[in-house]
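The following exercises ask the reader to work through a single protein chain step by step. Please attempt each task before reading its solution.

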Amino acid sequence: MISMINMISMNKKKDDLLCGSAKVGSRGQLVIPLELRKKFNIEEGELLFVVEDGDHIKVMKNEVIRKVLENSKE
């Protein structure tokens with residue numbers, strides 16, 4: 001049987017990094033690992049956007065969405 005780590009490394013894109021894991025709670029809540037919250041300066045109560053991208057889910061900060069929208073106007 002192929003281990004989970006091997007499956008991740010086989011499907012890994014150049015920029016993808018495994019940064020921890022999170023379990024979805026009964027209400028659909030997900031805890032972002034502390035290392036990522038620090039790296040991306042995510043604070044308690046901050047609004048994040050959840051975006052479907054093919055077979056992936058992306059979590060994006062408000063500033064990222066704002067930049068994308070501003071660039072699309074140009």
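**Exercise 1. Placing a residue**

In which helix is E35 found? Determine also whether E35 is buried or exposed.

Solution.
- Step 1. The model is a predicted one, and E35 belongs to helix α2, which covers residues 34–39.
- Step 2. The relative accessibility of E35 is 54%. Exposed means over 50%, so E35 counts as exposed.
- Step 3. Across 16 residues of sequence, the C-alpha atom of E35 lies 7.8 Å from that of C19.

**Exercise 2. Describing the whole chain**

State how many helices and strands the protein chain has, and give their order along the sequence.

Solution.
- Step 1. Counting the elements gives 3 helices and 2 strands.
- Step 2. Read along the sequence, the elements follow the pattern α-α-β-β-α.
- Step 3. Of the 74 residues in the protein chain, 4% are buried.
- Step 4. The protein chain exposes about 7200 Å², of which carbon and sulfur atoms supply 56%.
- Step 5. Among contacts with a separation of 6 or more, 3% involve residues 24 or more positions apart.

**Exercise 3. Judging the confidence**

Which element of the protein chain has the lowest mean pLDDT, and which has the highest?

Solution.
- Step 1. Begin with the average: the protein chain has a mean pLDDT of 77, and 74% of the residues score at least 70.
- Step 2. Compare the elements. Helix α1 (residues 4–11) has the lowest mean, 45, while α2 has the highest, 89.
- Step 3. Over residues 1–12, pLDDT stays under 50. For this stretch the model has 5 contacts beyond four places in sequence.

**Exercise 4. Analysing the hairpin**

Describe how strands β1 and β2 are joined, and in which direction they run relative to each other.

Solution.
- Step 1. Strand β1 spans residues 48–53, and 6 bridges join it to β2. The two strands run antiparallel.
- Step 2. One of the bridge pairs links D53 with H56 of β2.
- Step 3. The strands form a hairpin with 2 residues between them. In the turn, G54 has a positive phi of about 65°.
- Step 4. On the surface, V50, I57 and V59 form a nonpolar patch with about 330 Å² of accessible area together.
- Step 5. Of this patch, I57 lies in β2 (residues 56–61). The relative accessible area of I57 is 69%, so I57 is exposed.

**Exercise 5. Examining a backbone angle**

What is the approximate phi of N41, and where in the chain is N41 found?

Solution.
- Step 1. N41 is found in the loop between α2 and β1.
- Step 2. The phi of N41 is near 50°, a positive value in a residue other than glycine.
- Step 3. For comparison, most residues other than glycine have a negative phi.
- Step 4. With a relative accessible area of 48%, N41 is partly exposed.

**Exercise 6. Tracing the salt bridges**

How many salt bridges does the model contain, and which residues are linked in a network?

Solution.
- Step 1. Recall the principle: side chains of opposite charge can pair when their charged atoms come close.
- Step 2. The count comes to 3 salt bridges.
- Step 3. E46 pairs with K61, the closest N and O atoms being 3.2 Å apart. This pair links distant parts of the chain, since E46 is in the loop between α2 and β1 and K61 is in strand β2, 15 residues apart.
- Step 4. K61 also meets E63 in a salt bridge, at 3.6 Å from N to O. E46, K61 and E63 are thus linked in a network of salt bridges.
- Step 5. K58 and D53 form a salt bridge through their side chains, at 2.9 Å from N to O.
- Step 6. Classify the residues by exposure. Buried means under 20% relative accessible area, so K61, at 13%, is buried. E46 is partly exposed at 25%, and E63 is partly exposed at 35%. K58 is partly exposed at 39%, and D53 is partly exposed at 37%.

How values were computed:
Residues numbered from 1 in each chain as written. Predicted model: local features only at pLDDT ≥ 70, side-chain atom pairs only at ≥ 80, totals over all residues. Heavy atoms only, no water. Helix = DSSP H or I, 4+ residues; strand = E, 2+ residues; numbered from the N terminus. Buried < 20%, exposed > 50% of the residue type's maximum accessible area, 1.4 Å probe, protein only. Contact = heavy atoms within 4.5 Å. Areas by Shrake-Rupley, 256 points an atom, 1.4 Å probe, with all protein chains shown as cover. Patch = residues over 30% accessible without salt bridge, like charges linked within 9 Å, V, L, I, M, F, W, Y side chains within 5 Å. Salt bridge = Lys/Arg side-chain N within 4 Å of Asp/Glu carboxyl O. Pairing = 2+ DSSP bridges. pLDDT = per-residue confidence, 0-100.
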